Amino acid sequence: MGQLRGAPTQQGKGSCCVKARNQRCYLSLGRSTCGRRISLACSATAEALRSTDAPSSATGPSLKLFYRTGWDRAVVHGSLCGSTWRDFPLGKAAGGPERWLVAEISLPAAVAPGGKPLLEFVVADVGKSAWDKPPCGGNYRLEAPGVYSLRGGTLKKVGGRPVMVVSDLDGTMVGDDTATAAFKSWWEDGGALRGGVLVYNTGRSLDSFLELLRSKASVMAVPDALILAVGTCVYLRNPAGGPPDQPSGWKEDWEWSAALDERWNLKAARDACYKALAEVGSDNMHFRPKEELNDHKITCGVADPKAAAAVARVKGELAAAGVAANVITSGHGGWKYMDVVPIRAGKLEALNHVRRHFGFSVASTVACGDSGNDILMLSGENLAIVVGNAQPDLRQWAQQRQASEQPLPSGKQRMLLASRKEALGILEGLEHFGFKS
């Protein structure tokens, strides 16, 4: 780890802007590396979308330090605006990026006196037996608000705007472990630290997702929220804590669950599926296992040649019963999934619910998918990425949809058909839309 021992240099003397050994530190703050000023301008240009939706209001300047090292606990020891040196604790933030300690430092109203940095600091373990100081001597110095990274001895600005990435799992984020790991690396060292939010939007149940996360822990980024069971369940990280690969790490959003009850009748939806099954035959249709069903979702498997007839019968029965529902089909290889969910459910409606919860505009929200059950979330006003391995029915739909939509003011299309597969296609799209450099 290469921690440096010794107290901080006397304030104001021989201070240097950075260099720690084999440690990573992301700082919401101000200035440059060893005397070099870093521009505060953000290179990403906001995409204007056809929507009245507005981004969340900006907050005032603040100092936020993300620190990653071998220490379980650490402190920032520094002088704020030339004041007396003191400790600012680093701790694990609820809902913060995995593997990082975080310090949030309130800025005083007064500006730093002439010749003094906004913050002059070092980092130490809690016992102050080991110190992280610049190898070039002195202390770290920062002079203006902004987002900075301290990694491998180099302090640099973390640029780019925050993005909410809403991704399907199987075939999109997950499939090729190398691609999944590449996204995880970028997200943990860039996307999450600039204020991004990661959401998995999948047909899986909570238990199925947790099993997947445990099996892919070394390559898969931990999300901030989950949209499960084709948009019928929303989970947020548990503010009380808990590991993300265990049920205790998540808390269901009951507000969303209650909203789905409007004009929904589970018994009528089940009866409609039974009538469709009787029409097409048990050789061509079956109910999926109970772990794939919930109070707001019925899922059946339907043979391709009978899928259209089954969907039509279900829709007709629901209309006759006065039940408002979405009937969603997806899959390939001879069989399709047929999901029957409330009219307010679905991947797009749940996406917008979660997007508003976190305060993101459609211009800063990107949906990513590979199959027919992703069509809803890809068809909203938000930006969209169809990964390069997308199933033929989705790719055909995307090409038709893209041709029918007007370009954004930047000249780009709202939806990108990526050339790269799975998570590499997501990274390709994020770079295309200006969220990744």
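**Exercise 1. Place Thr202.**
Task: Decide whether Thr202 is buried or exposed, then find its place in the chain.

Solution.
Step 1. Thr202 has a relative accessible area of 2%. Buried means under 20%, so Thr202 is buried. The model is a predicted one.
Step 2. Locate the residue. Thr202 sits in the loop between S12 and H2.
Step 3. List its partners, leaving aside neighbours within four places in sequence. Thr202 is in contact with Asp168, Leu169, Asp170, Ile227, Leu228, Ala229, Val230 and Lys347.

**Exercise 2. Describe the second largest pocket.**
Task: State the volume of the second largest pocket, then say which residues are closest to its centre.

Solution.
Step 1. The volume of this pocket is about 790 Å³.
Step 2. The lining holds 30 residues. Closest to the centre are Thr202, Gly203, Arg204, Ser205 and Glu292. Thr202 is the buried loop residue of Exercise 1.
Step 3. Now look at the elements. Helix H2 (206-215), strand S14 (233-237) and strand S19 (335-342) each give at least two lining residues. H2 supplies the largest share, three residues.
Step 4. Sort the lining by class. Eight residues are nonpolar, 11 are polar and 11 are charged.

**Exercise 3. Follow Glu292 to its partner.**
Task: Find which residue forms a salt bridge with Glu292, and say how each of the two is exposed.

Solution.
Step 1. The partner is Arg288. The closest N and O atoms of the pair are 2.8 Å apart. A salt bridge needs these atoms within 4 Å, so the pair qualifies.
Step 2. Arg288 has 23% relative accessibility and counts as partly exposed.
Step 3. Glu292 has a relative accessible area of 26%, so Glu292 is partly exposed.

**Exercise 4. Set two salt bridges side by side.**
Task: Take the pairs Lys347 with Asp374 and Lys128 with Asp87. Say where each residue lies and whether it is buried or partly exposed.

Solution.
Step 1. The side chains of Lys347 and Asp374 meet at 2.6 Å, N to O. Lys347 lies in helix H6 (residues 347-358). Asp374 lies in the loop between strand S20 (365-369) and helix H7 (375-378). The pair therefore ties together parts that are 27 residues apart in sequence.
Step 2. Lys347 is at 1% relative accessibility and counts as buried. Asp374 is at 0%, so Asp374 is buried too. Lys347 is also one of the contacts of Thr202.
Step 3. Lys128 and Asp87 have their closest N and O atoms 2.9 Å apart. Lys128 is in the loop between strand S6 (119-125) and strand S7 (131-132). Asp87 is in strand S4 (residues 86-90), 41 residues away along the chain.
Step 4. Lys128 is partly exposed at 30%. Asp87 is partly exposed at 35%.
Step 5. Put the pairs in context. The count comes to 16 salt bridges. Lys275, Glu279, Arg313 and Glu317 are linked in a network of them.

**Exercise 5. Map the largest nonpolar core.**
Task: Say how many residues the largest nonpolar core has, and which helix gives the most to it.

Solution.
Step 1. The core has 39 residues. Val165, Met173, Phe183, Trp187, Tyr200, Phe209 and Leu430 touch the most other members.
Step 2. Several elements each supply at least two residues, including helix H1 (177-191), strand S12 (197-201) and helix H9 (422-432). H2 gives the most, five residues. H2 also supplies the largest share of the pocket lining.
Step 3. Take one member, not counting residues up to four places away. Leu430 touches Val163, Val165, Phe183, Trp186, Val366, Ile385, Phe435 and Lys436.
Step 4. Apart from this core lies another, of 29 residues. Among them are Phe360, Met377, Leu378 and Ala398.
Step 5. In soluble globular proteins, nonpolar side chains tend to be buried together.

**Exercise 6. Examine Ile328.**
Task: Decide whether Ile328 is buried or exposed, and say what it touches.

Solution.
Step 1. Ile328 lies in strand S18 (residues 325-330).
Step 2. Its relative accessible area is 9%, so Ile328 is buried.
Step 3. Beyond residues up to four places away, Ile328 touches Val230, Tyr337, Met338, Asp339, Val341, Asn373 and Leu376. Val230 is also in contact with Thr202.
Step 4. The C-alpha atoms of Ile328 and Val311 are separated by 8.6 Å. These two residues are 17 apart along the chain.

Definitions and conventions: Residues numbered from 1 in each chain as written. Predicted model: local features only at pLDDT ≥ 70, side-chain atom pairs only at ≥ 80, totals over all residues. Heavy atoms only, no water. Helix = DSSP H or I, 4+ residues; strand = E, 2+ residues; numbered from the N terminus. Buried < 20%, exposed > 50% of the residue type's maximum accessible area, 1.4 Å probe, protein only. 1 Å grid on protein atoms, 1.4 Å probe; cavity = no way out; pocket = protein on both sides within 12 Å on 5 of 7 lines; lining within 4 Å. Points joined across faces, edges and corners; volume = space filled by probe spheres on them. Nonpolar A, V, L, I, M, F, W, Y, C, P; charged D, E, K, R; others polar. Core = buried A, V, L, I, M, F, W, Y, C linked by side-chain atoms within 4.5 Å. Contact = heavy atoms within 4.5 Å.
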